Amino acid sequence: MIGTTRAPPEIEAAPAAATLGAGPLQIVMPIAIGLVILGVWEAAVRLYDVPVYILPGPLLILTTLVTDWSSLFQALLITLQVTVSAFLMAALGGGVLAIVFSRSRWIELSLYPYAVILQVTPIVAIAPLIIIWVKDTYVALLICAWIVAFFPVLSNATLGLSSTDHNLLNLFQLYGASRRQVLWYLRVPSAMPYFLGGLRIAGGLALIGAVVAEFVAGTGGTNTGLAYRILESGYRLQIPRMFAALLLISLTGILIFAALSLLSHLVLRNWHESAVRREN
Amino acid sequence: MSVVRLSHVGKTYSNGTVALGGVSLDVRAGEFLSLVGPSGCGKSTVLRLIAGLGELSSGHIDWPGATGLDAAAGHGIGFVFQEPTLMPWASVFANVMLPLRLKGVARDQAAPRVAAALAQVGLDGFAGAYPRQLSGGMKMRVSIARALVTEPRLLLMDEPFAALDEITRFKLNNDLLELWREHRWTVVFVTHSVYESVYLSNRIVVMAAHPGRVVADLAIDAPYPRDEAFRTSTAYNGFCRTVSATLQQAMAA
Ligand SMILES: Nc1ncnc2c1ncn2[C@@H]1O[C@H](COP(=O)(O)OP(=O)(O)O)[C@@H](O)[C@H]1O
Ligand SMILES: [Mg+2]
């Protein structure tokens, strides 16, 4: 309106990587502690002459990882494939079902209890059944991993879709928004932080589900993943190999978590408290 | 000529609260009307019913100037809530464009109108900012720009400046008056501040609670433009005293 009313420029540039790159100490310290622990481990194993089939030292584990890389990597790919597919199906299925729930109270009331039942039943207990019923082991693994990963997405997205700001809903109504517009322009964006939080949990759970199902499936199937490598190494007393496989599973879990945290940060960086660095 | 006419409007919420017990009010074209009254007397309810949010329990609301369809669809109404009510995930531009987007206006047609609305509230240059980067006063300006972007004939404002500090509020008061004089809209402004209502309006309607009703209808016939000199004038003080006394009676009643 008036030239003189210009408010002072209070804009601050959106901080680039707030939750991730939080000070060098936060990265240096855990690494230092890790190195110290590994050093003590290696020293203790050598000092007390611990047999390799009880506890191998970190160096031996590392060399095993390198020498057995091709077979371990093959197994990693299979576990990863199950995990990622199950995760994507959980993300899509949970998101879509949450939207369906938000549009129809009846469907929500009828289906939600079953989603809860799926969730509270331990996957180890159902996995054998699924593996018997489903001929294809890969599909069976996928179903197991999906079952564990699905619920956190569904429940978080459902919560998010029903937490829309009441005033904004009024505003949309005032301007004659259709239900579709309310959903896509208002409910879905405001549910995003919840949905992404659900994804972060689901990523880890999909890996756990895949590994548990592989354990239960045992030898069935020709292509076997990391969990089966662990079992197999255990039978053969190849403990360094067992540790190497374990290491790969942990690294995979960390990688999944980091990737989903990054995704969450990128999507929310402009607006959500969780992704915004405060100056005070 | 009336813009909107409330006749014996009653509102009882589903929990049994009688928010309004027969409110009659004639909002005339071009006036700056303030609703004042104690908290809970139904000021917000009146505004929301005018905006078409929620059903009347009794009485009716007429739009003498507009076709029925117009009024029902909420066309020509701008609403400013007490909170800025911005979408935090959307830029200032997208927030202001929202009413146009909901009406299906294409982005390239909407852009100049959004820019004009932002310029009106003194926020040109902030189109790309996000709400969290703005101060409380600037967020309120965005909220006002969003209400202006559809070029409403009737602007409804529900305690828009109540949460702001005094300096910012005075500034926004002046800017709002200037816009009003420029555009000649009709404004219905809810406030709990007698001083703010006297400064802004040429008509003040005082309400009382339990049930919500109109107890006084006062004309503030001081000339515009009003500025800081008016804020310190004896005429202003006189009006404030009258409105305060009426409000005291309303609260005692
Ligand atoms: N959605 C609602 N449900 C039930 N009661 C409400 C609702 N909104 C307002 N009320 C009640 O109606 C009365 C008038 O409220 P309101 O119009 O918000 O008053 P004011 O804006 O003057 O403070 C109050 O007693 C309030 O508690
Ligand atoms: Mg109110």
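Which strand of chain B holds B:His8? B:His8 is found in strand 1, residues 2–12 of chain B. The structure is a predicted model. This report covers backbone outliers, the surroundings of ligand 1, the salt bridges and one loop residue.

**Backbone geometry**

Most residues other than glycine have a negative phi, and most peptide bonds are trans. A few sites here depart from that pattern.

B:His8 has a positive phi, near 50°. With a relative accessible area of 57%, B:His8 is exposed. In chain A, phi of A:Leu237 is also positive, near 55°. A:Leu237 sits in the loop between helix 9 (226–235) and helix 10 of chain A. A:Leu237 is exposed as well, with a relative accessible area of 52%.

Chain B also has cis peptide bonds. One runs from B:His210 to B:Pro211, with omega near -10°. B:Pro211 belongs to the loop between strand 8 (203–208) and strand 9 (213–219) of chain B. Another cis bond joins B:Tyr224 and B:Pro225, where omega is about -5°. B:Pro225 follows in the loop between strand 9 and helix 8 (228–231) of chain B.

**Ligand 1**

Which residues surround ligand 1? They are B:Tyr13, B:Asn15, B:Thr17, B:Ala19, B:Ser39, B:Gly40, B:Cys41, B:Gly42, B:Lys43, B:Ser44 and B:Thr45. By class, this shell has three nonpolar, seven polar and one charged residues. Helix 1 of chain B (residues 43–50) gives the largest share, three residues.

Several oxygen contacts can be listed. A backbone N or O atom of B:Gly40 lies 2.7 Å from an oxygen atom of ligand 1. For B:Lys43, a backbone N or O atom is 2.9 Å from a ligand 1 oxygen. B:Ser44 uses its side chain: a polar atom there lies 2.6 Å from an oxygen atom of ligand 1. On its own, ligand 1 has 560 Å² of accessible area, and the protein covers 63% of it.

**Salt bridges**

Side chains of opposite charge can pair when their charged atoms come close. How many salt bridges are there over all chains? The count comes to twelve. The table gives some from chain A.

| Pair | Closest N to O distance |
|---|---|
| A:Arg46 and A:Glu42 | 2.7 Å |
| A:Arg241 and A:Asp68 | 2.8 Å |
| A:Arg105 and A:Glu108 | 3.3 Å |

Take A:Arg46 and A:Glu42. Both lie in helix 1 (residues 25–47) of chain A, four residues apart, about one turn of the helix. Is A:Arg46 buried or exposed? A:Arg46 is exposed, because its relative accessible area of 56% is over 50%. A:Glu42 is buried, because its 13% is under 20%.

The pair of A:Arg105 and A:Glu108 also lies within one helix, helix 4 (residues 105–120) of chain A. These residues are three apart, so about one helical turn separates them. A:Arg105 counts as exposed at 55% relative accessibility. A:Glu108 counts as buried at 18%.

The third pair spans a wider stretch of sequence. A:Arg241 forms a salt bridge with A:Asp68. A:Arg241 lies in helix 10 (residues 239–268), and A:Asp68 in the loop between helix 2 (58–67) and helix 3 (69–103) of chain A, so the pair ties together parts that are 173 residues apart in sequence. At 11% relative accessibility, A:Arg241 counts as buried.

A:Arg241 and A:Asp68 also belong to a network of salt bridges. A:Arg229, A:Glu232 and A:Arg236 are linked in that network too.

**A loop residue in chain B**

Where is B:Glu83? B:Glu83 is in the loop between strand 5 (77–80) and helix 3 (92–102) of chain B. At 41% relative accessibility, B:Glu83 counts as partly exposed. Not counting residues up to four places away in sequence, B:Glu83 touches A:Asn167 and B:Met140. So one contact of B:Glu83 is in chain A and one in chain B. B:Glu83 and B:Phe161 are 78 residues apart along the chain, with their C-alpha atoms separated by 8.7 Å.

Technical notes
Residues are numbered from 1 along each chain as its sequence is written. Chains are lettered from A and ligands numbered from 1 in the order in which they are written. This is a predicted model: local features need pLDDT of at least 70, side-chain atom pairs count only at pLDDT 80 or more; totals for chains, interfaces and linings use all residues. Side-chain values use heavy atoms; hydrogens and water are left out. A residue is near a molecule or strand if one of its heavy atoms lies within 4 Å of it. A polar contact is a pair of N or O atoms within 3.5 Å; within protein, one must be able to donate a hydrogen and the other to accept it, and residues adjacent in sequence count only if both atoms are side-chain atoms. Accessible areas come from the Shrake-Rupley method with a 1.4 Å probe; for residues, only the protein chains shown count as cover. Helices (H or I, at least four residues) and strands (E, at least two) are DSSP runs, numbered from the N terminus. Ala, Val, Leu, Ile, Met, Phe, Trp, Tyr, Cys and Pro count as nonpolar, Asp, Glu, Lys and Arg as charged, and the others, Gly among them, as polar. A salt bridge is a side-chain nitrogen of Lys or Arg within 4 Å of a carboxyl oxygen of Asp or Glu. Buried means under 20% relative accessible area, exposed over 50%, partly exposed in between (1.4 Å probe, protein chains only). Contact means heavy atoms within 4.5 Å.
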